[in-house]
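Please open the model in your viewer, with the sequence panel beside it, and follow the stops below in order.

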Amino acid sequence: MTTFLSGIQPSGRPHLGNYFGAIRQHVDSQEEEGEHYFFIADYHALTSVQDADSLRANVREMAATYFALGLDPERVVFFRQSDVPQVAEITWLLSCVTGMGLLERAHSFKDKTAKGIKPSVGLFTYPILMASDILAYDSTIVPVGKDQVQHVEMAQDMAGHFNAAFGSQVFVRPEYRLPESEALAKVPGLDGEKMSKSYGNDLWVFESGKRLKKAVGRILTDSREPSEPKDPAGVLLLDFLALFLEDTELEDWRNRIREGGQDAPGYGHLKVRLIEAWEETFAPARQRFEEYLADPAALDSTLALGAERARERACIVRDRAYRACGLR
Ligand code: TYM
């Protein structure tokens, strides 16, 4: 039996990287046979969001985003992480079989601290909570963007260590799944670095109108003239267009940039096309997003129903793990 699982932090508004790297994969996976668990990682978000009203608002926005983008809570178990306390219980079991060295090697932790983010113990042990999220539902496939691959590999290690220590097949080994191309697995931000909420270089998927124009205007360019031939690989706007356009159209833009000359497009042309493609992709969902958001009680009750279903599964796995290590 295939069990899909993935999570997203409600630490701000979902951005293009979240969509192309993860959310779209989650929505598409609904067409595949199996069970589907997707959740809003509010425990994880506490490592950066420390304001109760913001966290509550972000959770609802994230739920409204998923539903607007096509997630069907009838087909998928969709819930809030903190509604499943068994995950916190399993986190402790895993932390007892996880070496400090494993966590010290986490790229995400190292990148964040290198950027000056002051680490809490929670940020350090974050991969253990994430492993517990994955293992608590016997997940087999975890669709994520590239930055989460190492965390899924850590979950594999932790499952292996626990099973080796307690002599039984308690936890199922999960595998990660990346989107179909590198361009989608690691979406760049406004500055060309990986797009990330914590780096402040992100673009909200439902940005629109003047704000969208302004945001797209902030994508890094240089002062070369349109007529100057350029290597398309060095034009960040083309990486953004690659998210939206068909291959043939994208290739055409690339060729015209490479050749330069009188008729070559300038960065302004690329921006206009990007905004147009963005509108085509997100405008209908943006409308639905507003509608979902206007009914917070409905969002809360959908999340509560999902949580009930999630707890059922997590209790079975928690009991299995407790018995294996002598806690029952
Ligand atoms: P988070 O909230 O940072 O990101 C959510 C998903 O978006 C993907 N992503 C990207 N993909 C492509 N390009 C980017 N620039 C980009 N930025 C983000 C991430 O890879 C992720 O798939 N720890 C996780 C949340 C989590 C989780 C889990 C995920 C908690 N428990 C269990 C999977 C399974 C996180 O912080 O994702």
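In which helix is the place of Trp92? Select Trp92 and you will find it in helix 4, residues 86-95, where helices (H or I, at least four residues) and strands (E, at least two) are DSSP runs numbered from the N terminus. Trp92 is exposed, with a relative accessible area of 58%; here buried means under 20% relative accessible area, exposed over 50%, and partly exposed in between, with a 1.4 Å probe and protein chains only. Now add Ser132 to the selection: 40 residues separate Trp92 and Ser132 along the chain, while their C-alpha atoms are separated by 8.9 Å.

Before going on, keep in mind that this is a predicted model, in which local features need pLDDT of at least 70 and side-chain atom pairs count only at pLDDT 80 or more, whereas totals for chains, interfaces and linings use all residues. Residues are numbered from 1 along each chain as its sequence is written, and side-chain values use heavy atoms, with hydrogens and water left out.

Zoom out to the whole chain. The protein chain has 14 helices and 5 strands. Its radius of gyration is 21 Å, close to the 20 Å that the globule rule gives for 328 residues, so the chain is as compact as a globular protein of that length; the radius is taken over C-alpha atoms, and the rule is 2.2 Å times the number of residues to the power 0.38. Along the principal axes, the C-alpha atoms fill a box of roughly 75 × 45 × 40 Å. Of the 328 residues, 49% count as buried.

Next, select strand 1 (residues 3-8) together with strand 2, which run parallel and are joined by 6 bridges; two strands pair if DSSP finds at least two bridges between them. Strand 2 covers residues 35-40, and 5 of its 6 residues are buried, so it is largely enclosed by the rest of the structure. For strand 1, too, 5 of the 6 residues are buried, so the rest of the structure largely encloses it. To see the pairing residue by residue, show Phe4, which stands opposite His36 in strand 2, and then Ser6, whose bridge partner in strand 2 is Phe38.

Move on to Asp138, in the loop between helix 7 (121-135) and strand 4 (141-143). Asp138 is not a glycine, yet it has a positive phi of about 55°. At 13% relative accessibility, Asp138 counts as buried.

Is Glu175 buried, exposed or partly exposed? Glu175, found in strand 5 (residues 175-177), is partly exposed, with a relative accessible area of 37%. Leaving aside neighbours within four places in sequence, Glu175 is in contact with Thr140, Ile141, Val142, Val152 and Gln156, contact meaning heavy atoms within 4.5 Å. Measure across to Ile134 as well: Glu175 and Ile134 are 41 residues apart along the chain, and their C-alpha atoms are separated by 10.0 Å.

The last stop is Pro229, in the loop between helix 10 (209-217) and helix 11 (236-244). Pro229 and Arg218 are 11 residues apart in sequence and 23 Å apart in space, C-alpha to C-alpha. Which residues beyond four places in sequence is Pro229 in contact with? Display Ile257, Arg258, Glu259 and Gly260, since these are the contacts of Pro229 once its neighbours within four places are left aside.
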